[in-house]
Amino acid sequence: MKAIEAGLWSIWLSGLVLIALSLYATQSLPSLKDRFVKPKLRYRAFGDRRNPSVSIFSAPRSFTGNIGVRQSLAIRSWLALSPQITVVLFSQDLSVAAYARSISSRVYIDSDIDFTFLGTPYFHSMMARSQSFASDICAFVHPETILLPDFISTLNYAYKLDRDWLLVASSRNISYIPFYFDESKRHFPTEDKKSTRLQKELLNEHWRWSHCGGKELLAWNNQDIPLHSGVLPPFLYGRGIHNNWVINEAVASEFRFVFDASWTISSFYLQDPEQPSDNETRSWEYSGNYLLGSLYGSSFHPDAKYSSLVKLLKCNEQYILTNTTENATYLPKNQRILSLWNTQLLHFGKKKMKKPTACDHGFRSLNRLHDCSLEKRVSSSETLEFPFSLEFLLPLIADKNKTIVLTVAGYSYKDMLMSWVCRLRHLQIPNYLVCALDSDTYHFSVLQGLPVYRDPLAPTNISFNDCHFGTECFQRVTKVKSRMVLRILKLGYNVLLSDVDIYWFENPLPFLYSFGSGVLAAQSDEYKKTGPINLPRRLNSGFYFARSDESTIAAMEKVVKHAATSGQSEQPSFYDTLCGEGGTNRKGSTKCLEPETNLTVHFLDRNLFPNGAYQELWKKKNIKTACRKKGCFVLHNNWISGRLKKLERQMFSGLWEYDTSTRMCKHNLQGKIW
């Protein structure tokens, strides 16, 4: 009988264990609210419940002059707080990389995110990248913000809350540091309460709040629950509005407990009256952020109230939460938040308490907080304009050989344009320029941080949705390309013209430089596997390399003149002008010689520069493998009718580099970290 009872108990316990394991597995599944796939984490956290690991993310500017000094002081203050802190700096600047290597093994440089052509990082790309770190807490801190030890104690308190949370803390600005800041120490003397209290008292006499200035600190526990619903717009980091946008959307989404820790986190930055404001030098970047903030989310909604956030205070060595809207203060019991949300009221383990008189000064200071969401209104119809002319852009983006990679695009091809740009970014080719055929493409490119120029002579009153090969629109639009190439050549720059439907496997410029002056290297559009590749009308004007020399400029002038009076696209004008009608100027099977200008046209090897019909590469099961075996530099997505078919073929082939849902280039989240 006892054996039977023991067996039944064993079965019951086994079943209980299986149920517990099932419940645990269910709870471990990713949240359905999270629209993002959590990547396999590369960096494992080493913290625990008492000492959570913290990753601080920021994007500093060059470490030069006073800015470099202030940034170095700030980063050193972060590292001094705790050995559990890791710092990740998003930058493409070599001075930042050099600084990171010299200061600490806990500082990493990450350049595998989206940047504008001027080097400004995108905030949404930074946020996405932060998901690949497995630290217990993530924090975004302005690169010039100095942190004191109460930053860690506040995070330790927040980490024990039983709800997912997001905290925000406004910084103070000061004209000088009123005490000696010892950078040589590895850690702050947190045990020295008298010293810390003296520092705070001195700061209180020399600082003033800096609300709505873009220097707010954001921190959250790193869990599967997203900060907010919807998609984060492509804000430029450090150019205003993005922090407040995240805060307002997080409050509206109700995924997390959002609170203001400005009174428990001492953060400040030094003012530099001699440094010009970014608002003055890059006003278009700020205008772009404000425009995005007005178009997406609730940040500009009349009911958006940043100042209505629950405030975290510390009174008599105890953390308390206060709701200024309800004029009430709450003392959480064991950090357990029993209910929160719709009405923005808090109900904790203990009842509502009266404000302690010992903390009356702190409560009065709550009135200092201002509403940031309505700081500046921008009309959704307001346009964005680069303050750059073509003559200004060219020397800014050209490579050391004075070469520009030029593409021309209309709005219906904006996604393919971005896939093309993302591929060039991946190949680390920054010397590209976009010629926009319409205002929509121009404004889209500005918001995407592309070096863009709008052609004032581009045709108008055309439908870009039907602008594909063979249409009247296509014939009119293609003539813009040769005209732009000629203009850039006359300004002294070489041009590699590439359509946006050309996928780049490798950078072809080193190979193309091997062709000397007086040679125009162009893709062949011949589809037959064997035979001459320079037959009549087989010069593809969607990919060619032209040098800024006398013979090339003279020949391009002839092409542009011929195309202006032609009822066809520019492509026949290229062949008939340079190779002669019917191919009278052909030389062998791969070249032509224009007799008046003495320009040689070299038709590129189709194994290296295949068109869309050559060897039916687009029908291969694995196009990437097939092309790499051939040694392809590029592959043209032509010889297909219709824009949608072209997009579909490229997307499903795996040769697509842009995420249209997030407006970000596709990145390897386990990519290179310096």
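In this predicted model, Trp639 is found in the loop that connects strand 27 (634–636) with helix 19 (643–652). Although Trp639 is a residue other than glycine, its phi is positive, near 55 degrees. The relative accessible area of Trp639 is 41%, and the residue is therefore classed as partly exposed, a term that covers values between the 20% limit for buried residues and the 50% limit for exposed ones.

A positive phi, about 60 degrees, is also present at Gln428, which is likewise not a glycine. Gln428 belongs to the loop between helix 12 (414–426) and strand 18, and because its relative accessibility is 68%, Gln428 counts as exposed.

Strand 18 is in turn part of an open sheet of nine strands, in which the pairing is mixed and the order is 19-18-17-20-23-22-26-25-24. The edges of this sheet are formed by strand 19 (452–454) and strand 24 (586–587), each of which has a single partner strand, so that one side of each lacks a neighbour in the sheet. Within the sheet, strand 17 (residues 403–409) and strand 18 (residues 432–436) run parallel and are joined by five bridges; Thr407, for example, has Val434 of strand 18 as its bridge partner.

Helix 11 (residues 390–397) packs on the sheet, where it touches strand 17, strand 18 and strand 19, and its direction makes an angle of about 155 degrees with that of strand 18. Helix 13 (residues 439–447) lies across strand 17, strand 18 and strand 19 as well, and runs at about 160 degrees to strand 19.

Notes: Residues numbered from 1 in each chain as written. Predicted model: local features only at pLDDT ≥ 70, side-chain atom pairs only at ≥ 80, totals over all residues. Heavy atoms only, no water. Pairing = 2+ DSSP bridges. Helix = DSSP H or I, 4+ residues; strand = E, 2+ residues; numbered from the N terminus. Contact = heavy atoms within 4.5 Å. Axes fitted to C-alpha atoms, helices over the stretch in contact; angles between N-to-C directions. Buried < 20%, exposed > 50% of the residue type's maximum accessible area, 1.4 Å probe, protein only.
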